[in-house]
Amino acid sequence: GNHDIDPDVFSAYIGPVEWSWEVGGYRLIGINALEINYAALDHALTTDRICIIFGHYPMSWYREEDQAALRQRFQTYQIPLYVAGHLHVHSLETDPETGTLLLVGQYASQGHYRLITLSGSEVSITLF
């Protein structure tokens, strides 16, 4: 959410704004959407595992240079899914340049949530 806008506060209470975790054979990678650190992102990306990238903003909110740089990495590392927040809407589309699924937000009230299921690089999403 918007809590990552102040990296110092986010780091003090949550953890690093940029992170990567190994989970179930996947690498989950968080980026600082306000100022993408491409050196850190490149260090976290790997071809040894399927990588999923998380950022605060939807792709369309980034500057054109950042969109191009992210798409280049999506293509190079065959990223199947980019997950973003910020907007509390249901949005799921496929990036036409890379084939990466671009998942944005979900309704923030009334108990709505998504179940994201990964099988290799195949992604299925169920809304509840």
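**Exercise 1.** Leaving aside its neighbours within four places in sequence, with which residues is isoleucine 31 in contact?

*Solution.* The structure is a predicted model. Step 1: set aside the residues within four places of isoleucine 31 in sequence. Step 2: list the remaining contacts, which are Val17, Glu18, Ile36, Leu41, Ile53, Phe54, Gly55, Tyr62, Leu70 and Tyr82. Step 3: place isoleucine 31 in its wider setting. The largest nonpolar core has 21 residues, and those that touch the most other members are Ile31, Leu41, Ile53, Tyr62, Leu70, Phe74 and Tyr82. Two or more residues of this core come from each of helix H2 (38-44), strand S3 (50-55), helix H3 (64-77), strand S4 (81-84) and strand S6 (101-104). Another core, of eight residues, lies apart from it and includes Tyr26, Leu28, Val83 and Leu101. As a general background, nonpolar side chains in soluble globular proteins tend to be buried together.

**Exercise 2.** Describe how strand S4 is arranged and how S4 pairs with S3.

*Solution.* Step 1: consider the side chains of S4. Leu81 and Val83 point one way, whereas Tyr82 and Ala84 point the other way. Step 2: consider their accessibility; all of these residues are buried. Step 3: consider the pairing. S3 and S4 run in the parallel sense and are joined over four bridges. Within this pairing, isoleucine 52 stands opposite leucine 81 in S4.

**Exercise 3.** Is asparagine 32 buried or exposed?

*Solution.* Step 1: locate asparagine 32, which is in the loop between strand S2 (26-30) and H2. Step 2: compare its relative accessibility with the cut-off. Buried means under 20%, and asparagine 32 has 12%, so asparagine 32 counts as buried. Step 3: name its contacts. Not counting residues up to four places away in sequence, asparagine 32 touches Val17 and Glu18.

**Exercise 4.** Which parts of the chain are tied together by the salt bridge between arginine 49 and glutamate 22?

*Solution.* Step 1: note that six salt bridges are found in the whole structure. In the one formed by arginine 49 and glutamate 22, the closest N and O atoms are 2.3 Å apart. Step 2: locate the partners. Arginine 49 is in the loop between H2 and S3 and glutamate 22 is in strand S1, so the salt bridge ties together parts that are 27 residues apart in sequence. Step 3: examine accessibility. Arginine 49 is partly exposed at 33%, and glutamate 22 is partly exposed at 39%.

Note on methods:
Residues are numbered from 1 along each chain as its sequence is written. This is a predicted model: local features need pLDDT of at least 70, side-chain atom pairs count only at pLDDT 80 or more; totals for chains, interfaces and linings use all residues. Side-chain values use heavy atoms; hydrogens and water are left out. A nonpolar core is a set of buried Ala, Val, Leu, Ile, Met, Phe, Trp, Tyr and Cys residues joined through side-chain atoms within 4.5 Å. Buried means under 20% relative accessible area, exposed over 50%, partly exposed in between (1.4 Å probe, protein chains only). Contact means heavy atoms within 4.5 Å. Two strands pair if DSSP finds at least two bridges between them. A salt bridge is a side-chain nitrogen of Lys or Arg within 4 Å of a carboxyl oxygen of Asp or Glu.
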